[in-house]
Amino acid sequence: MAKKMTTSAGAPIPDNQNSITAGARGPLLMQDYQLIEKLAHQNRERIPERAVHAKGWGAHGTLKITGDISKYTKAKALQPGAETPMLARFSTVAGEMGAADAERDVRGFALKFYTEDGNWDLVGNNTPVFFVRDPVKFPDFIHTQKRHPKTNMRSPTAMWDFWSLSPESLHQVTILMSDRGLPIDPMHINGYGSHTFSLWNDAGERYWVKFHFKTQQGHKHYTNAEAEEVVGQTRESYQEALFGAIEDGNYPKWTVQVQIMPEADAEKTPYNPFDLTKVWPHGDYPCIDIGVMELNRNPDNYFAEIENAAFSPSNVVPGISYSPDKMLQARIFSYADAHRHRLGTHYENIPVNQPKCPVHHYHRDGQMNTFGGIKTGNPDAYYEPNSFDGPVEDASAQEPPLRIDGDADRYNHRDGNDDYGQPRALFELFDDGQRQRLYSNIAAAMGGVPDEIVERQCKHFDKVHADYGAGVRAAVQANKDRANAVPVTDETSQTAAE
Ligand code: NDP
């Protein structure tokens, strides 16, 4: 027998087809609470979408550790043989919830590992670097990627104006405009923790670390023209590909690697190892294989498990910690804050965000407190310290001191910083075909941008490599020539034929 349908308060519903009206042709009655409840729920089905990374696709999986980096870290999830359940959410950055998947953009690569010691989140991208290195520039940067306040359209002028005035963006702009800027789906991309984090061991030693997730599916990308065709057919190509692959048992995998830097090296490297616009060259700090990440279970409910998923770089566990990376420090605040705003104060209590280990804290009350008031196990233990057997601190989770010195001031982050060398190293990896596509992707993205902004940006490309600036200028000019060419109409082609 079918289950009885009830109100959300549990009372049986006698009729879900007809509202209560005064006569068959008469008006509605206020007392039709079921109708009001249905309409009110519908009005509240949307929660604020993420200001960035709104459009996403995700799945559950496992992290298996096969390598041995136990001398660097006490993190249980990184010990040889460890298997940790995890969740991944991929995303585009600029597009809203309804945006098409196959658009040129950076891809978010957010991971939540449900470890024995609490949740560890790595909230990275499919690129190892980012557009800015100082978080004071981040809101301005994102404004240039979003809609113009007057036209309500994306503004290439704003993007290139900002980038051309912020040369630290060159590295990421070059990756974005290269083949890897338009992947075919979430399985054919690498993931990078991007920031420098740290590992620490029982001996109290700290090492700097970069995390890499190398796709085992290989890299696959669309050209702009191919992507336009895909978007013309479906806006959900990533959702279809990821969901379909996992339903078919084709579980995507990534080789997990780390680069490790001894703590004291950070003072000696020619580049700032905490600068998010820079990589650590593999020749200096080789990638070490430590395991495999596999995605093998689709969510049962997209909203509950992917839209509600709250990733934050603030979530670290004993053996893993932060670094002086300015962007990381800012994200430690802003990601958790975004979730408080979007999901509510106790967002970590939503099932997909709940740790799979015991949770005991003294936070009380507030939105979404569905855990019975307090999480201490004893109603008398609602403050700390107490004499009522409430949970107590664990000194073994104390990380070694973060050694920082220097005078507090506003240091010009461009002083002594080479913004051109690493983009050059990347440009030199590209073959001729990759370079030509880079130029034409940039020229396409510069459509309608004032000449002086284009030229200011090209001067930066010149400093990376003479071919880069020249190639972009030629591609921009070719687009202008095409646009200015006399259009071929029936009449002109008729004249030509005569
Ligand atoms: P390596 O030759 O050792 O490494 C080159 C790296 O570039 C590889 O990781 C490769 O990724 C990646 N790569 C290849 N094509 C592209 C592309 N179109 N877009 C983005 N990445 C690409 O050199 P270095 O370590 O000395 O680095 C040289 C340059 O490579 C850097 O300036 C940086 O731009 C780029 N890079 C470096 C990374 C690092 O952590 N050192 C990471 C990613 C890029 P894969 O192995 O997946 O093919």
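Is Gln172 buried or exposed? With a relative accessible area of 0%, Gln172 is buried. Keep in mind that this is a predicted model, so every value here is computed from predicted coordinates.

**Around Gln172**

Gln172 sits in helix α4, which covers residues 170-177. Its side chain has a partner: a polar contact of 3.1 Å links the side chains of Gln172 and Thr127.

**The whole protein**

Zooming out, the secondary structure adds up to 13 helices and 10 strands. The C-alpha trace spans about 85 × 80 × 50 Å along its principal axes. Of the 498 residues in the protein, 48% are buried.

For a residue at the other end of the accessibility scale, take Lys4. Lys4 is found in the segment before α1 (33-43). Its relative accessibility is 67%, so Lys4 counts as exposed, the cut-off being over 50%. Measuring from C-alpha to C-alpha in the model, Lys4 and Tyr285 are 63 Å apart in space, with their positions 281 residues apart in sequence.

**The ligand site**

Now for the ligand. There are 19 residues around it, and the closest are His171, Arg180, Asn190, Trp280 and His282. By residue type, the shell splits into 9 nonpolar, 8 polar and 2 charged.

Three distances to oxygen atoms of the ligand are worth having side by side:

| Residue | Atom on the protein side | Distance to a ligand oxygen atom |
|---|---|---|
| His171 | polar side-chain atom | 2.5 Å |
| Asn190 | N or O atom in the side chain | 2.7 Å |
| Gln422 | polar backbone atom | 3.0 Å |

On its own, the ligand exposes 800 Å², and the protein buries 76% of that.

Which elements each supply at least two residues of the shell around the ligand? They are β7 (206-215) and α9 (421-427). The largest share belongs to α9, which brings 3 residues to the shell.

The domain assignment fits into this picture too. Domain 1 (56-156 + 183-357) and domain 3 (421-484) both give residues to the shell, so the ligand lies between them.

**Aromatic pairs**

How many aromatic pairs does the count come to? The answer is 21 aromatic pairs. One pair to look at is Trp57 with Tyr238: the ring centres are 4.6 Å apart and the planes meet at 45 degrees, so the pair is tilted. The cut-offs explain that label, because planes under 30 degrees apart would count as stacked and over 60 as edge-to-face.

Where do the two partners sit? Trp57 lies in strand β1 (residues 56-65) and Tyr238 in helix α6 (residues 237-247), so the pair ties together parts that are 181 residues apart in sequence. Trp57 is buried, at a relative accessible area of 0%. Tyr238 is buried as well, with 0% relative accessibility.

There is also an aromatic cluster to browse in the viewer. Phe130, Phe131, Phe138, Phe141, Trp160, Phe162 and Trp163 together form one cluster.

**Pulling it together**

If you want a short tour, start at the ligand, where His171 and Asn190 reach ligand oxygen atoms through side-chain atoms and Gln422 does so through its backbone. Then go to the tilted pair of Trp57 and Tyr238, and finish at Gln172 in α4, with its polar contact to Thr127.

Key:
Residues numbered from 1 in each chain as written. Predicted model: local features only at pLDDT ≥ 70, side-chain atom pairs only at ≥ 80, totals over all residues. Heavy atoms only, no water. Near = heavy atom within 4 Å. Polar contact = N/O pair within 3.5 Å; in protein donor to acceptor, adjacent residues only side chain to side chain. Areas by Shrake-Rupley, 256 points an atom, 1.4 Å probe, with all protein chains shown as cover. Helix = DSSP H or I, 4+ residues; strand = E, 2+ residues; numbered from the N terminus. Nonpolar A, V, L, I, M, F, W, Y, C, P; charged D, E, K, R; others polar. Domains from an automatic or database assignment. Phe/Tyr/Trp six-rings, centres within 6.5 Å; stacked < 30°, edge-to-face > 60°. Buried < 20%, exposed > 50% of the residue type's maximum accessible area, 1.4 Å probe, protein only.
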